Amino acid sequence: MKFPPTSPPSGALSALAQHVAQQGYGLSATFFPPELALALSREAAAFFAHEALRPAQIGKGPTQKQREDIRGDRIAWLDGRQLSGPLLSYWQHIDTLRAYFAQYFRLAVPWVETHLAAYPPGSFYRRHLDQFRATTNRAFTFLLYLNEGWQPAHGGSLRLYLPEGPQDVAPRLGQFVCFRSDLIEHEVLPTQVPRLSLSGWLRRDEVPLDLQTFTP
Ligand code: OGA
Ligand code: MN
């Protein structure tokens with residue numbers, strides 16, 4: 001199936017920005033069309049089946065290490081220049097989000113980083129904040145869940161820690177979540193079944209120049 005360049009519905013985009021501004025997070029089940037979410041779910045399942053995903057690391061630089069007692073997911077980073085089909089359409093939706101948030105919040109967020117993630121049965125991600133200590137590069141976190149036929153017994157909900165108390169979000173196919181990376185602590189509750197998602201961040205810093213691939 002071909003996915004022409006598409007954008008999220010403008011109503012979903014403005015509601016999301018308003019909710020993030022007012023309460024630090026927003027949810028939308030209509031940001032991505034259902035057929036695109038389904039195609040993305042198939043892509044993610046294929047990645048997972050081929051084990052192209054690598055174990056996620058904690059921290060950055062010399063302190064980066066793999067800690068399955070903190071997070072148990074496998075990830076594959078996406079490069080927007082190399083995408084096609086549903087992943088390209090996903091990227092275009094996210095870039096529309098990026099441009100809209102930049103204007104809405106009057107904040108330069110020139111860079112998107114995003115990866116596929118697969119949590120094997122029994123895995124989780126302990127409570128954390130997405131900003132690394134002493135850096136403020138990640139301004140907004142976004143998550144798209146890709147689990148068709150999700151049931152409460154499958155577990156793996158996202159728990160957001162809000163001032164009014166915790167709120168759980170089921171990782172259902174097509175559920176999109178966005179929140180302030182500097183503000184909202186969250187965790188992934190243990191999943192009983194393989195749990196697929198696309199996660200990413202709108203970043204305040206520039207894309208690093210890659211001199212290996214740069215051609216004048
Ligand atoms: C993360 C994260 C939450 C989720 O990757 O930093 O918190 O629901 N993911 O997958
Ligand atoms: Mn996180």
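This report walks through a predicted model of a protein chain and its ligand.

## Overall layout

The protein chain has 216 residues, and 34% of them count as buried. Its secondary structure comes to 3 helices and 11 strands. From the N terminus on, the elements run α-β-α-β-β-α-β-β-β-β-β-β-β-β.

Contacts reach far along the sequence. Take the contacts between residues at least 6 apart: 76% of them join residues at least 24 apart.

## Before the first helix

Pro 9 sits in the segment before α1. Pro 9 counts as partly exposed because 14 C-beta neighbours lie inside 10 Å, while a buried residue needs 20 or more and an exposed one has 12 or fewer. Pro 9 and Pro 33 are 24 residues apart along the chain. Their C-alpha atoms are separated by 9.1 Å.

## Helix α2

Helix α2 covers residues 34-49, which makes 16 residues. At 1.5 Å a residue, α2 should span 22 Å. Its end C-alpha atoms are 22 Å apart, so the expected span and the model agree.

Six names make up the buried set of α2: Ala 37, Ala 39, Leu 40, Ser 41, Ala 44 and Phe 48. What do these buried residues pack against? Their partners are α3 (85-104), β4 (111-119) and β11 (195-203).

## Helix α3

Helix α3 has 20 residues. The same check applies here: at 1.5 Å a residue, α3 should span 28 Å. The distance between its end C-alpha atoms is 29 Å, which agrees.

The buried residues of α3 are Pro 86, Leu 87, Ser 89, Tyr 90, Trp 91, His 93, Ile 94, Leu 97, Arg 98 and Phe 101. Their cover includes two helices, α1 (10-23) and α2. It also includes the strands β4, β6 (138-145) and β11.

## The loop after α3

Arg 106 comes just after α3, in the loop between α3 and β4. Its phi is near 50°, a positive value in a residue other than glycine. Is Arg 106 buried or exposed? Arg 106 is exposed, because 7 other C-beta atoms lie within 10 Å, and 12 or fewer is the cut-off.

## A buried glycine in β11

Gly 200 belongs to strand β11. Gly 200 has 26 other C-beta atoms within 10 Å, so it is buried; the cut-off is 20 or more.

Which residues does Gly 200 touch, leaving aside those up to four places away in sequence? They are Ile 94, Val 112, Glu 113, Thr 114, His 115 and Phe 142. Ile 94 is also one of the buried residues of α3. Glu 113 is 87 residues from Gly 200 in sequence. In space, the two are 5.4 Å apart, C-alpha to C-alpha.

## The four-stranded sheet

Four strands form an open sheet in the order β5-β10-β7-β8, with antiparallel pairing. The edge strands are β5 (125-128) and β8 (165-169), and each pairs on one side only. From one strand to the next, the twist averages 15°.

Strand β10 pairs with β5 through 2 bridges. In β10, Val 188 is the bridge partner of Tyr 125. Strand β7 (residues 158-162) is joined to β10 by 4 bridges. Here Leu 158 stands opposite Val 188. Both pairs of strands run antiparallel.

In a regular strand the side chains alternate between the two faces of the sheet. The two faces of β10 can be listed separately. His 186 and Val 188 make up its covered face. Glu 185 and Glu 187 make up the uncovered one.

## Around ligand 1

Which residues surround ligand 1? They are Ala 117, Tyr 125, Asp 130, Leu 143, Leu 158, His 186, Val 188, Ser 197 and Ser 199. The shell divides into 5 nonpolar residues, 3 polar and 1 charged.

Strands β10 (185-188) and β11 each supply at least two residues of this shell. The sheet returns here by name. Tyr 125, Leu 158 and Val 188 belong to the shell. Val 188 is the bridge partner of Tyr 125, and Leu 158 stands opposite Val 188. His 186 and Val 188, which form the covered face of β10, are both in the shell.

Key
Residues numbered from 1 in each chain as written. Chains lettered and ligands numbered in written order. Predicted model: local features only at pLDDT ≥ 70, side-chain atom pairs only at ≥ 80, totals over all residues. Expected span 1.5 Å × (residues − 1). Contact = placed C-beta atoms within 7 Å. Near = placed C-beta within 6 Å. Nonpolar A, V, L, I, M, F, W, Y, C, P; charged D, E, K, R; others polar. Pairing = 2+ DSSP bridges. Axes fitted to C-alpha atoms, helices over the stretch in contact; angles between N-to-C directions.
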